[in-house]
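Let's take a walk through this one together, starting with the whole chain and then zooming in on a single sheet. Here it is.

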Amino acid sequence: MPHLLELFVDSYFIEKKKRLRQCLQEPLDCGPVFHFSEPWEGLLSGYCTVLEDPLDGYFKLYYRGLSDGNLECSDGEVTCLALSHNGVEWFRPNLGLHKWLNRKSTNIILANNTPDSHNFTPFLDSSPTTLSHQRYKALAGVAPSGLNAYFSADGINWTNPYSKPVLTTGMFDSQNVAFWSSSEQKYVCFMRTWTGEGFSGIRTISRSTSTDFSSWTVPRRMSFGRIPLEHLYTNQTQPYPRAQQIYIGLAARFMPERQVITTEEALELSVDPSYYRDCSDVVLITSRGGNRYHRAVRQAFLKPGIGLENWVSRTNFPALGFIHTKPDEISFYMNKNYAQPNAYLSRFSFPLDRLGYLEASDSYGELITKSIPISSQDDLHLNLSTSAAGSCFVALLDENDATVSQFDMSSCLELIGNELSKPVRWLSSNGVSLRIGDSGLSSVKLHIRLLDARLFAFSLCSTDR
């Protein structure tokens, strides 16, 4: 595991670039992994969260069960749990906590809990001071009731220890996601708010913080810079698992009244009558703390697929959570066929640390990073891909932007290939292979030259000398 990993999903480490295009990776659609087929689930199941618990070895899928839109924010909603050993094959544990009509064995973990089962959203608390019976935490609720806090030791049996909501300023009418931020050393919550009074204006995101999960700051609306506001239905903001300083949001971009399918086509799909006059896709937003989101690329991260079933309201909503399904693969999940009888969850994947990239075409592109702190034990690795004719070279610059002796482009061994972690080496005049830690500096800038290549990330790893 590198002690510093930076992904090119934003411009945080970019000081200058020339003839480089910033792009987003296109995830691989791995197909359905879970159908909402039980009577207590149904066509309006959603607001999914996927976690990996290292103690019991399970991947855990939390979701709302709802079969009838007329029962929203009523006891017709339940919170359910599915388990997996690999993130691909899922099963419903027979928990026996709550029955459904004549069924005693169900996977329901919360019932008769209006309105908290509408959008119950848990996380595993990574705070070094968290107590064992509070390893899992969750927020749930809508306006006007506010967000209630829940604790659990195992992610199955939950309690609400407080007599009142912990957050009341907001509309909260979708998933409201919280986590412990190791970079900010506090709890952070990204919640649903609107730009107007009540449910008016544009669906957007606000942020609140807490040191103890019970007392929260007054929420402040997130800024998107100069980008015009768009309806963001869910934000799904989370620390990237291998680079916790970067918060990645897979936000559901909602296009109200942008109708694609006709009433006749909706009838053929058996879509709930309230859910076919809009459409949605997924955009990628990032943050590094504070009240600012960044969108390096404004195009959609995931577009609706082929088939009219992908163009109904509130389908294509991503679940919260990135998980390792293979050592070199990260997966996330998305609701598909929402408000249709065959509603399901689909898995998407991308190669390790390849969410975004800088791309050079058939002429050389140049990148100069901001200053990076290094130590004498550091080894520089690049996550990159080149064509057979492409290449990558790296030089080191000091604080005055002067090339560091013996670490210039001509001394760099050419980098060719498609590798998730390719070490960078320089050859000294006497034939010694040098690493970044041999520069003798405490910080450097990277000057990277690319030809017909993509650069996804760089990392620093400590090595024995």
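What does the secondary structure of the protein chain come to? Keep in mind that you're looking at a predicted model. The tally for the protein chain is one helix and 32 strands.

How does that pack overall? The radius of gyration of the protein chain is 24 Å, and the globule rule gives 23 Å for 465 residues, so the chain is as compact as a globular protein of that length. If you want a feel for the outline, the C-alpha atoms fill a box of roughly 80 × 50 × 45 Å along the principal axes.

Now for the inside and the outside. Of the 465 residues, 58% are buried, counting a residue as buried when its relative accessible area is under 20%. The accessible surface adds up to about 19200 Å², and carbon and sulfur atoms own 49% of that. As for who touches whom along the sequence, take the contacts with a separation of 6 or more: 64% of them join residues 24 or more positions apart.

Time to zoom in on one sheet. Strands of a sheet pair through backbone hydrogen bonds, either parallel or antiparallel. Here we have an open sheet of three strands in the order β18-β19-β20, paired antiparallel. β18 (237-240) and β20 (279-287) sit at the edges with a single partner strand each, so one side of each has no neighbour in the sheet. From one strand to the next, the twist averages 30°.

Finally, follow β19, which covers residues 243-255: its antiparallel pairing with β20 runs over nine bridges. For a spot to click on, try A252, whose bridge partner in β20 is V282.

Conventions:
Residues are numbered from 1 along each chain as its sequence is written. This is a predicted model: local features need pLDDT of at least 70, side-chain atom pairs count only at pLDDT 80 or more; totals for chains, interfaces and linings use all residues. Side-chain values use heavy atoms; hydrogens and water are left out. Two strands pair if DSSP finds at least two bridges between them. Helices (H or I, at least four residues) and strands (E, at least two) are DSSP runs, numbered from the N terminus. Axes are lines fitted to C-alpha atoms, for helices over the stretch in contact, and angles run from 0 to 180 degrees between N-to-C directions. The radius of gyration is taken over C-alpha atoms; the globule rule is 2.2 Å times the number of residues to the power 0.38. Buried means under 20% relative accessible area, exposed over 50%, partly exposed in between (1.4 Å probe, protein chains only). Contact means heavy atoms within 4.5 Å. Accessible areas come from the Shrake-Rupley method with a 1.4 Å probe; for residues, only the protein chains shown count as cover.
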